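Open the model in your viewer and keep the selection tool at hand. The stops below go from one selection to the next.

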Amino acid sequence: LVQAATGQVRAGLRERKKVQTRDRLIAAALKLCDEQGFEATTVDQISDAADISPRTFNRYFATKEDVVLAPAEDMIVAMADSLDAQPRTGNEIEALINAQVQILGGRCPVGSVDLSRFETMNRIIQNAPAVNARGMELSDRKFRSISDKVAERMEVPADDARVRVIVSVFMSLMHISLDTWRCGQVGSMADSTVAADTLKATYQTFRE
């Protein structure tokens, strides 16, 4: 029993260290690529800034594009987990909104999101064609992932027209909310609470 308990503790420590290493890599990559440009930044530089070897980098990310786009990748996972936790009331748009608000509030099983990282990621995407191309692929995958979850909740095929309409409306509300939130910023970065409140207000306007 003691050995089993020790094994669980060690496994837990290993997982936490892996999460911490991955987080350092993401932070280092975003900072360097934002400051000196994506093309000018090397895997060696990112690894050095994260205090790991380039070989270890490749255990976490296959390319520079992948580490820069990690915040978006994490959002896909978080959205799936958060949507699973929403009650099935028949209002899937509201479920999607509530799932996103839950993530912004740090109440998702995989944790909250760092909006400043999203802002940095978006700046890099705008200035790096290679990252932009991969970002478009990731955006399509996000749409498919959410569609699959909604279809599962509705018990209909993923290509059902109703699913596409629901997800498209949700994505539109998200874009409107983000535009409103960004325009409302004064100086410093708005926090996730402001973003969540803006999204809820946008949804309320849609309902009205």
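The model is predicted. Start by selecting Ile76, which is placed in helix 5 (residues 70–84). Ile76 has a relative accessible area of 7%, so it counts as buried. Now show what surrounds it: leaving out residues up to four places away in sequence, Ile76 touches Leu138, Arg141, Lys142 and Ser145. Add Phe143 to the selection; 67 residues separate Ile76 and Phe143 along the chain, yet their C-alpha atoms are 9.0 Å apart.

Next, select helix 8 (residues 129–154) as a whole. How does the span of its 26 residues agree with 1.5 Å a residue? The expected span is 38 Å and the end C-alpha atoms of helix 8 are 37 Å apart, so the two agree. Colour the buried residues of helix 8, which include Val131, Gly135, Leu138, Phe143 and Ile146. Two charged side chains, Lys149 and Arg153, are also among the buried residues of this helix. Step past the end of helix 8 to Glu155, where phi is positive, near 60°.

From there go to Glu65, in helix 4 (residues 64–68). Which side chain of opposite charge is nearest to Glu65? It is Arg134, 4.6 Å away. A salt bridge needs a distance within 4 Å, and Glu65, though buried, has none. Apart from neighbours within four places in sequence, Glu65 is in contact with Phe38, Ala130, Val131 and Arg134. Of these contacts, Val131 was coloured at the previous stop as a buried residue of helix 8.

Keep Phe38 in view and add Lys64. Lys64 lies over the face of the Phe38 ring, at 4.2 Å from the ring centre.

The last stops are the aromatic pairs, of which the structure holds two. Select Phe57 and Phe61: their ring centres are 6.1 Å apart and their planes meet at 50°, a tilted pair. Are these residues buried or exposed? Both Phe57 and Phe61 are buried.

For the other pair, select Tyr203 and Phe206. Their ring centres lie 6.2 Å apart with the planes at 25°, so this pair is stacked. Tyr203 and Phe206 are about one helical turn apart, because they are three residues apart in helix 10 (residues 192–207). Show the surface to compare the partners: Tyr203, with a relative accessible area of 8%, is buried, whereas Phe206, at 43%, is partly exposed.

Definitions and conventions: Residues are numbered from 1 along each chain as its sequence is written. This is a predicted model: local features need pLDDT of at least 70, side-chain atom pairs count only at pLDDT 80 or more; totals for chains, interfaces and linings use all residues. Side-chain values use heavy atoms; hydrogens and water are left out. Helices (H or I, at least four residues) and strands (E, at least two) are DSSP runs, numbered from the N terminus. Buried means under 20% relative accessible area, exposed over 50%, partly exposed in between (1.4 Å probe, protein chains only). Contact means heavy atoms within 4.5 Å. The expected span of a helix is 1.5 Å times one less than its number of residues. Rings of Phe, Tyr and Trp (its six-membered ring) pair if their centres lie within 6.5 Å; planes under 30 degrees apart count as stacked, over 60 as edge-to-face and the rest as tilted. A charge sits over a ring if NZ of Lys or CZ of Arg is within 6 Å of the ring centre and within 35 degrees of the ring normal.
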